[in-house]
Amino acid sequence: MIGKKTDQQFTDEVKSVFDQSIEQVDAETVLRLNNIRNIALNTATGKSRHWIFYPAGAFAAASLAIIIFNVIQHDVSTSTIKAEDIEIISAADGLDFYENLEFYWWLEDYETST
Amino acid sequence: MQYDVLHTYTTSTRERPLEQRRELDRFLDSVQKRAFRMAEIATGNREDAFDILQDAMYRFVEKYSTRNFAEWMPLFHTVLQNRIRDWYRRESVRNRFRVWFGQSADEQEPDSMENLADGQMRTPEQQLQNRQGMEVLDQAIRKLPIRQQQAFMLRVFEGMDVAQTARAMNCTTGSVKTHYSRAIHTLREKLGGH
């Protein structure tokens with residue numbers, strides 16, 4: 001316990017000397033400290049003000065995403081139609097077959113029912 | 001204690017830029033002298049201490065200003081201690097270059113602490129009570145390994161507990177206890193605190 005008390009006394013003395021040195025910091029040093037504090041605050045907070053632009057950026061990103069989504073959707077439906085067209089054009093049957101398609105469906109139904 | 005007084009400020013500073021800036025200014029104003037002295041003790045160079053402190057303040061404001069006020073003190077000291085550690089790394093590289101060019105690092109800085117202590121014919125207690133005592137203490141702390149310095153200064157000068165010191169130093173509480181104990185032992189040997 002004696003050792004512990006002595007340690008405490010020692011650190012108390014050391015802290016007291018340190019605290020005295022803080023009180024003795026000269027005016028010039030304080031001026032410089034105030035100056036660097038202001039520089040740090042102005043520079044860092046100025047940089048961090050970029051958050052103001054975050055909503056605008058988010059809106060722009062969302063708009064872009066919607067536009068891209070619509071374009072892709074449009075392309076998909078267009079490409080489906082194109083696939084059907086290609087199937088008709090490339091079919092071995094003549095175009096007359098497709099023009100009378102309803103007639104052939106009726107014929108098929110008629111033959112099945114009779 | 002200064003640390004306790006600082007805890008009485010408001011808790012959250014988010015969404016209040018002007019008030020937040022004022023609080024940051026107050027906080028940095030309250031810690032700047034002590035932080036500067038700690039950097040000065042660690043480096044032994046006023047200009048380097050100013051540079052370290054400005055960098056620490058800038059990084060603290062940039063990264064942690066929106067955090068809860070209760071976290072500011074340990075976070076600020078984490079940033080400050082990291083800056084001091086970076087300075088030590090750079091210095092050790094410079095010292096290696098000095099050695100390569102045939103100039104010992106010890107030749108650069110004579111051990112003025114030993115000379116001062118022996119030449120004054122005072123007890124360590126008397127030395128601690130005056131300005132020269134601070135110079136002796138500065139040099140004794142500066143000669144400690146960096147981690148011991150940090151543990152000692154944060155625990156004794158800033159009054160941080162083991163957990164807060166561990167957080168500021170980015171290490172375990174066990175490491176803090178070890179570093180602190182070794183620092184006390186070495187300083188008492190050098191300063192005659194027995």
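In which crossing, right-handed or left-handed, does α9(B) pass α10(B)? The crossing is right-handed, and this report will come back to that pair of helices after a look at the whole model.

**The model and its confidence**

Welcome to a predicted model, with scores of ipTM 0.72 and pTM 0.62. Chain B has a mean pLDDT of 79, with 75% of its residues reaching 70 or more. Confidence varies along the chain: among the elements of chain B, α9(B) has the highest mean pLDDT, 94, and helix α6 (residues 112-120) the lowest, 38. Two stretches deserve some caution. Residues 3-14 of chain B stay under a pLDDT of 50, and the model gives them 20 contacts beyond four places in sequence. Residues 107-122 of chain B are also below 50, with 12 contacts beyond near neighbours in sequence.

**Chain A and where chain B touches it**

Chain A is made of five helices and zero strands, so to speak a run of α-α-α-α-α from the N terminus on. Of its 114 residues, 7% count as buried.

How many residues of chain B are in contact with chain A? There are 27, and they meet 24 residues of chain A. On the chain B side, the elements giving two or more residues are α2 (17-43), α3 (46-64), α8 (131-142), α9 (146-157) and α11 (173-191). The largest share, 10 residues, comes from α2(B). Sorted by class, this side of chain B holds 14 nonpolar, five polar and eight charged residues.

**Two helix pairs in chain B**

Two packed helices are described by the angle between their axes and the distance between the axes. Here are those values for two pairs in chain B.

| Helix pair | Axes come within | Crossing angle |
|---|---|---|
| α9(B) and α10(B) | 10 Å | roughly 135 degrees |
| α2(B) and α3(B) | 9 Å | roughly 140 degrees |

Why is α9(B) called oblique to α10(B)? The reason is their crossing angle of roughly 135 degrees. The α9(B) side of this contact consists of B:Gln150, B:Ala151, B:Leu154 and B:Arg155, while α10(B) brings B:Thr165, B:Ala168 and B:Met169. By class, these residues divide into four nonpolar, two polar and one charged.

The angle of roughly 140 degrees likewise makes α2(B) oblique to α3(B), and α2(B) passes α3(B) in a right-handed crossing. From α2(B), the contact takes in residues including B:Leu24, B:Leu28, B:Phe36 and B:Thr43. Among those from α3(B) are B:Arg46, B:Ile52, B:Leu53 and B:Val61. This contact has 10 nonpolar, two polar and three charged residues.

**A closer look at α10(B)**

Helix α10 of chain B covers residues 162-169. Which of its residues are buried? They are B:Gln164, B:Thr165, B:Ala166, B:Ala168 and B:Met169. The buried residues of α10(B) pack against α4 (69-100), α9 and α11 of chain B. B:Thr165, B:Ala168 and B:Met169 thus appear twice in this account: they are buried, and they take part in the contact with α9(B). Just after the helix, B:Asn170 takes a positive phi of about 55 degrees.

Technical notes:
Residues numbered from 1 in each chain as written. Chains lettered and ligands numbered in written order. Predicted model: local features only at pLDDT ≥ 70, side-chain atom pairs only at ≥ 80, totals over all residues. Contact = placed C-beta atoms within 7 Å. Helix = DSSP H or I, 4+ residues; strand = E, 2+ residues; numbered from the N terminus. Nonpolar A, V, L, I, M, F, W, Y, C, P; charged D, E, K, R; others polar. pLDDT = per-residue confidence, 0-100. Axes fitted to C-alpha atoms, helices over the stretch in contact; angles between N-to-C directions. Parallel < 35°, antiparallel > 145°, perpendicular 65-115°, else oblique. Left-handed = near helix turned anticlockwise from the far one by under 90°. Buried ≥ 20, exposed ≤ 12 C-beta atoms within 10 Å, placed from the backbone.
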